[in-house]
Amino acid sequence: MKPDCDLLVLGGGISGAGVALEAARRGLRVTLVEARDYAWGASSRSSKLVHGGLRYLQSGALHLTRESVQEREALLRELPGLVERIGFVMAHRRPFGPGRRTMQIGLRLYDHLAGRRARGWASNADIPWLVPGLATDDGASLYEDATTDDARLTLRVLQEARSLGAELHNHTTLTALQRDARGQIRGATLRGPDGFERSLACRCIVSASGPWLGTVATLAGAAPPRLRPLRGSHLLLPLWRLPLARAVAWRHPEDGRPVFAYPWQGRLIVGTTDLDHPDLGTEPRIQPEELRYLLAALAHSFPRAGVSAADVQCTWAGVRPVIASDQPMAPSQESREHLVWAQDGLVALAGGKLTTFRRMAQAALAAARPWLPALPLPVHHDILPAHAPVAGVPLRWQGRWGALAGQAARGALIPGTTTRWGELRHSLLHEQVRHLDDLLLRRSRLGLLMPGFAADLLPALQPLCQETLGWSAEHFRQERDRYLDRMTTTHGVPA
Ligand SMILES: Cc1cc2nc3c(=O)[nH]c(=O)nc-3n(C[C@H](O)[C@H](O)[C@H](O)COP(=O)(O)OP(=O)(O)OC[C@H]3O[C@@H](n4cnc5c(N)ncnc54)[C@H](O)[C@@H]3O)c2cc1C
């Protein structure tokens, strides 16, 4: 009997989205289920850089840098308006390396891999006009990478997968796996948001469940390689508090780790930390020590800015699903390679980066081939299916919404942001929003970008939610309380 689908994908982060798109493009019938919301995990809580992994050169992982640089360039070409180049200024501070000479050798290679020259050098005398207030000991190296909106990138990939026939279900949990007489995994029991369970037969499952890989593996009685979940936290400040025109990177004075600050959607992101995060049962949040660490980083490089905790608008923390080396090493030294592992029809995909999601998806599907023998090899060279630009719509909305840009990019701008009311309406109607945080944290980023977690917007949002989702006034009130409570707990500034 024909199964319900060829491929069941677990996890609606960028990895699962990438697998769903790649599989749908190759003609597979795909179902993706996400236990919480699309991009709920690291894929909405990253540093939002589409980067070539300059620092991997230091550890000799040339192949990882090559792959990342190539993917960065492809994403820049294909998603203008969503993935955008940004200039970096790497301040050289003593005693931490890399020194100017080593850095310039690395940047020469970085440029070579990208096929374009972006490297440069600024002396101490150049710094005041380049980045006013930045402290350096030996000038700065200049290079380029890119930034994105991680959650919208994930949603755009999912949108493309859906347009090719993939079925997507958020707030849907896997409760059991089913095996055939030969012990191969051939289906799953899924509990939907309505609480009902249903069985779904498939040929193969790809688990792209990030750091929660162990939960799925336990259900399958399998033992894939161990992950080392590492938490990274960020601060978001109003840009006027430290007006940077480009990204700045430097070494933290306490441990020599790279840290950065850069302008993003009219605000300033400061990041990041890298700490063991063994408790996967609760939503990650910044700890007081991380706040202190990031403020100390800012004070070291921008001593006259006087940035304090009172300037921080909000925070977020994400968990990296890093493959454990099982060696006694600092978190930042663990490899950022991805892992693909397969057994009995279950393929597990973890690790890696936002930037390289296409390569990870291809690797996962190659590992799934024993259970999908008819799977064609990739025939396309682009990451996303190409669309003719929608006439008259600026790039920002083309990048975020692709073929749907004309429908979404409507209505007035929400003051102080680049989000239109039409985008919220479109998300409410077509993007499976179930909770206010789905809308304000991932479909849009208003919960981060607007002061007070966008609480002032809620009265105007209420009639829109009631009209599009059929919520009662009481339902909206419950959602509002739940949203503000969660935001304060997981995106607030620790005391
Ligand atoms: C602090 C930080 C900074 C980073 N910065 C960058 C960066 O600047 N650039 C870059 O390229 N990369 C960056 N990364 C890495 C990148 O964000 C991650 O590699 C990527 O987002 C991981 O995506 P994922 O889909 O594998 O995992 P996730 O995004 O965590 O998604 C896993 C999803 O699976 C769901 N799930 C779990 N169990 C189940 C189940 N049983 N059934 C269904 N669903 C399930 C979860 O709810 C979750 O939504 C960063 C990561 C972190 C944490």
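This is a short tutorial dialogue on reading the ligand site, the empty spaces and the salt bridges of a predicted model.

Q: Let's start with the ligand. How many residues surround the ligand, and which are the closest?
A: Keep in mind that we're looking at a predicted model. A residue makes the list if one of its heavy atoms lies within 4 Å of the molecule. Here 35 residues surround the ligand, and Ser-15, Glu-34, Ser-43, Leu-49 and Thr-355 are the closest.

Q: What classes do the residues of that shell divide into?
A: You'll find 16 polar, 12 nonpolar and seven charged residues in the shell around the ligand.

Q: Which side chain has an N or O atom 2.7 Å from an oxygen atom of the ligand?
A: For polar contacts, look for N or O pairs within 3.5 Å. The side chain of Thr-355 supplies the atom at 2.7 Å from a ligand oxygen. The backbone takes part too: a polar backbone atom of Leu-354 sits 3.1 Å from an oxygen of the ligand, and one of Ile-14 is 3.2 Å from a ligand oxygen.

Q: How much of the ligand does the protein bury?
A: Compare the ligand alone with the ligand in place. Alone, the ligand exposes 1000 Å², and the protein buries 96% of that.

Q: Which elements give two or more residues to the shell?
A: Those are helix 1 (14–25), strand 11 (227–238) and strand 16 (314–323). Strand 16 provides the largest share, three residues.

Q: Now for empty space. How many cavities of 30 Å³ or more does a search find?
A: The general trick is to roll a probe the size of a water molecule over the atoms, which shows where empty space is left. Across the whole structure, the search turns up seven such cavities. The largest has a volume of about 70 Å³. Its lining has no nonpolar, three polar and seven charged residues; Asp-149, Arg-152, Arg-396 and Glu-423 are among them.

Q: And how much space lies in the second largest pocket?
A: About 380 Å³. Of the 19 lining residues, Arg-55, Gln-58, Ser-59, Ser-332 and Gln-333 are the closest to the centre of the pocket. By class, the lining of this pocket has six nonpolar, six polar and seven charged residues.

Q: Last one: how many salt bridges does a search of the structure find?
A: Side chains of opposite charge can pair when their charged atoms come close. The whole structure has 40 salt bridges. Take Arg-358 and Glu-71, whose side chains meet at 2.9 Å, N to O. That pair links distant parts of the chain, with Arg-358 in helix 8 and Glu-71 in helix 2, 287 residues apart.

Technical notes
Residues numbered from 1 in each chain as written. Predicted model: local features only at pLDDT ≥ 70, side-chain atom pairs only at ≥ 80, totals over all residues. Heavy atoms only, no water. Polar contact = N/O pair within 3.5 Å; in protein donor to acceptor, adjacent residues only side chain to side chain. Areas by Shrake-Rupley, 256 points an atom, 1.4 Å probe, with all protein chains shown as cover. Helix = DSSP H or I, 4+ residues; strand = E, 2+ residues; numbered from the N terminus. Nonpolar A, V, L, I, M, F, W, Y, C, P; charged D, E, K, R; others polar. 1 Å grid on protein atoms, 1.4 Å probe; cavity = no way out; pocket = protein on both sides within 12 Å on 5 of 7 lines; lining within 4 Å. Points joined across faces, edges and corners; volume = space filled by probe spheres on them. Salt bridge = Lys/Arg side-chain N within 4 Å of Asp/Glu carboxyl O.
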